[in-house]
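This report goes through selected contacts, one charged pair and the nonpolar packing of a single model. The sequence and structure come first.

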Amino acid sequence: MARVITADAAGAQVAGGLALATALLEVAGTVYDWSVSRARLSREPNDPPSAGQAIAWLTANRLDAPVPPDWHAADRLPHPIDSHPPLAKRLERLGTTIELA
């Protein structure tokens, strides 16, 4: 975890804390969106959406999500082999919150 924090600090020096926090949220949101999309595709295997439809559907659902979304929960434990601290802790170290980023 120390390496991730060090890398975040270096990234914040180069791009700024808010820019890095926004990028971290985009990655986290994309991972979440991908899992939702895969689940949706498994329910509709004979009628998969086009890429454009999938992006529009995922974007609309992300915009309707509660703030902060449940995938961001500060008390959520990372995967046992994940070397990254929880997203909330990383944002906190960057001096921002999910609402600001």
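## Contacts of A21

Apart from residues up to four places away in sequence, A21 makes contact with L91, L94, T96 and A101. The model is a predicted one, and the values below are computed from it.

## The largest nonpolar core

A21 belongs to the largest nonpolar core, which has 8 residues: L20, A21, L24, L25, L87, L91, L94 and I98. At least two of these residues come from α2 (17-43), and at least two from α4. Helix α2 gives the largest share, 4 residues.

Two of the contacts of A21, L91 and L94, are thus listed both as its partners and as members of this core.

## T96 and the segment after α4

T96, another contact of A21, sits in the segment that follows α4. Its relative accessibility is 11%, so T96 counts as buried, the limit being under 20%.

Leaving out residues up to four places away in sequence, T96 touches L18, A21, L91 and A101. For one of these, L18, the C-alpha atom is 6.8 Å from that of T96, although the two residues are 78 residues apart along the chain.

## Helix α1 and its end

Helix α1 contains 14 residues. From its first C-alpha to its last the helix reaches 20 Å, close to the 20 Å expected at 1.5 Å a residue. Just after α1, G16 adopts a positive phi of about 100°.

D8 is located in helix α1. Beyond its neighbours within four places in sequence, D8 is in contact with L20, L24, R90 and L94. Of these partners, L20, L24 and L94 are listed in the largest nonpolar core, while R90 pairs with D8 in a salt bridge.

## The salt bridge

How many salt bridges does a search of the whole structure find? The search finds 1 salt bridge. It joins the side chains of R90 and D8, at 2.7 Å from N to O. R90 lies in helix α4 (residues 87-93) and D8 in helix α1 (residues 2-15), so the pair ties together parts that are 82 residues apart in sequence. Side chains of opposite charge can pair when their charged atoms come close.

Are the two residues of the pair buried or exposed? R90 has a relative accessibility of 12% and therefore counts as buried. D8 also counts as buried, because its relative accessibility is 7%.

How values were computed. Residues numbered from 1 in each chain as written. Predicted model: local features only at pLDDT ≥ 70, side-chain atom pairs only at ≥ 80, totals over all residues. Heavy atoms only, no water. Salt bridge = Lys/Arg side-chain N within 4 Å of Asp/Glu carboxyl O. Buried < 20%, exposed > 50% of the residue type's maximum accessible area, 1.4 Å probe, protein only. Contact = heavy atoms within 4.5 Å. Expected span 1.5 Å × (residues − 1). Core = buried A, V, L, I, M, F, W, Y, C linked by side-chain atoms within 4.5 Å.
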